[in-house]
Amino acid sequence: MLGLGLVLFCGNGWAGETMNSKGETTKTVRDFGAVGDGVTDDSLAIQRAVDAGIGGVVFPKGVYRLQKTVTVRLEESGFTSLMSDGTAKVVMAGSGPAFLFLGTHEGSADPKQVKEKVWEKERMPMVRGMEIVGDHEEADGIEANGVMQLTVTESRVHRVRHGLRLVRRNRNVIVSNCHFYENRGCGVFFDHVNLHQFNITGSHISYNAGGGIVLRGGEVRNVHIGSCDIESNMKPEGEATANVLIDCREGSTAEVAITGCTIQHNSKSAGSANIRVLGKGVTSTKNALATQEGHITITGNVFSDVMVNVHLDHARGVTIVGNTFWEGFEHDLLVENSQAIVVGPNDFDRNPRYVVNGNWAKDKNGLVFRDCQDSKLSGLLVKGVWGKEAAVLLERCDRFTVTDCSILDSDGIGLLMRDCVRSRVSDCMIRDDREERKAVVSFKATGGKDNWVRGNWFGNGTDVADGVAVMEGNR
């Protein structure tokens, strides 16, 4: 039993008509002329099956070659699901998506804005148990436009351009237990879409050259990424991307949670990042005012093996807590032009299991905050930042609080504040106790004014310019 109703199938998958538990026949795509031999163009046959309005479009075991997109016009076909038990392979040999879902939903997720015909004919189209593979440079996997409650589960999309592409307007999308693997573009692509409520869980998003989960432009809210393995979604050449890229420069994205994932690779790609937020968005008003987008929670993840583990630029309202960072070849955390950033207890350390080309110090790690305001760093463990001016650098920052942090055994200055104002550092331990330690101080402040530094343990001394900070009760 597939779990999508009462359809029965044999050990080799479906073969022609089957019987449900009521003794009724259930047709498959073979009943509409599909051959599934990997050679015959099955586009028209599968389109006939979709247009027949049978609901569950079943794919028996086989290889179904498409020369053109199969379009699911939900207003005409009614409720439609594309179903297999993992034994059907669809090869997209033409340009565009293998399957295009078209709905008529134009409102939000508020029940008052959902037209009755959406509930009666269009809601929750599903792709389940399918494999989609590309055989054309411009082949995509699945695309959705105007759809309410698209659900993609237990499926694999491989060697296409974009695995799942969401365009124009959709609502309440769920992706679970899927593999988006080795695609030329993005694994999951929010392409200037107006989309609220998106959940992706339990999935592998790996080796997609244009980024893993990419949100670009549009208006996106309420995105939940959880319990996924997301890795190496970039290539050595080409524009810098990220395993999770939130690019607001042609729209806005906010209200995102990234939790419980392993996110890693590839340090060989220039500008690579595990999470990158480019938060300088625009409003939807006629004046197109610039905004700082965000309100993002990043918690309980493991990050490693990229140039920058987490990069925020022009972001607002980002909370980073309870994560493990290592192998940031340029930085573990780089925050620029941002405000209201909360970095709570996180582990910024090294992993002795991994030595890069015989040199454990090739990955530098470290934290940089530049041109930022109104932010808090607390409860951090920062250990083993090597080959950098400072383990933690605050540059041209305003109204920062740094408290209860341990910054240990790093080559450069432990905490360097350059041209910072109205900031406080308290109750921190900053020291280097290695025998081979560099002759640098634990804390340095140069430029700026109205800073307060008290109750810290600076094991290797301080260098504070006159008038920069009030120093009280430090040792």
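**Exercise 1. Which residue in β26 is the bridge partner of I296? Place the pair among the strands around β23.**

Solution.
- Start with the partner. In β26, I296 bridges to V318.
- Fix the terms. Strands are DSSP runs of E of at least two residues, numbered from the N terminus. Two strands pair if DSSP finds at least two bridges between them.
- Fix the source. The model is predicted: local features need pLDDT of at least 70, side-chain atom pairs count only at pLDDT 80 or more, and totals for chains, interfaces and linings use all residues. Residues are numbered from 1 along each chain as its sequence is written, and side-chain values use heavy atoms, with hydrogens and water left out.
- Now the strands. β23 and β26 (residues 315–321) run parallel and are joined by six bridges.
- β23 (residues 290–299) also pairs in the parallel sense with β19 (residues 242–259), over four bridges. Here A257 has T297 as its bridge partner in β23.
- β22 (residues 280–282) and β23 run antiparallel, with three bridges between them. V282 is bridged to A290 of β23.

**Exercise 2. How many residues does the largest nonpolar core have, and which have the most contacts inside it?**

Solution.
- Define the set. A nonpolar core joins buried Ala, Val, Leu, Ile, Met, Phe, Trp, Tyr and Cys residues through side-chain atoms within 4.5 Å.
- Define burial. Buried means under 20% relative accessible area, exposed over 50%, and partly exposed in between, using a 1.4 Å probe and protein chains only.
- Count. The largest core has 102 residues. F59, F99, L166, F190, F198, F369 and L394 have the most contacts inside it.
- Assign by element. Strand β15 (residues 188–201) gives the largest share of this core, six residues.
- Check for others. A separate second core has nine residues, including M307, F329, V368 and A390.
- Background: in soluble globular proteins, nonpolar side chains tend to be buried together.

**Exercise 3. Is E131 buried or exposed? Find its salt-bridge partner.**

Solution.
- Locate E131. It is found in strand β9 (residues 126–134).
- Read its accessibility. E131 counts as buried because its relative accessibility is 18%.
- List contacts, meaning heavy atoms within 4.5 Å. E131 touches A88, K89, V90 and R156, not counting residues up to four places away in sequence.
- Apply the salt-bridge rule: a side-chain nitrogen of Lys or Arg within 4 Å of a carboxyl oxygen of Asp or Glu. R156 and E131 form one, with the closest N and O atoms 2.1 Å apart.
- Trace the chain. R156 lies in strand β12 (residues 156–158) and E131 in strand β9, so the pair ties together parts that are 25 residues apart in sequence.
- Compare the partner. R156 is partly exposed, at 27% relative accessible area.

**Exercise 4. How many salt bridges does the count come to? Work through two further pairs and a network.**

Solution.
- Total. The count comes to 25 salt bridges.
- First pair. E137 and R184 meet at 3.7 Å, N to O. E137 sits in the loop between β9 and β10 (139–148), R184 in the loop between β14 (179–181) and β15, 47 residues apart. E137 is exposed at 58% relative accessible area. R184 is partly exposed at 32%.
- Second pair. R431 and D433 meet at 2.7 Å, N to O. R431 counts as buried at 18% relative accessibility, while D433 is partly exposed at 49%.
- Network. Salt bridges link E336, R370, D371, E389, E395, R396 and R418.
- Background: side chains of opposite charge can pair when their charged atoms come close.
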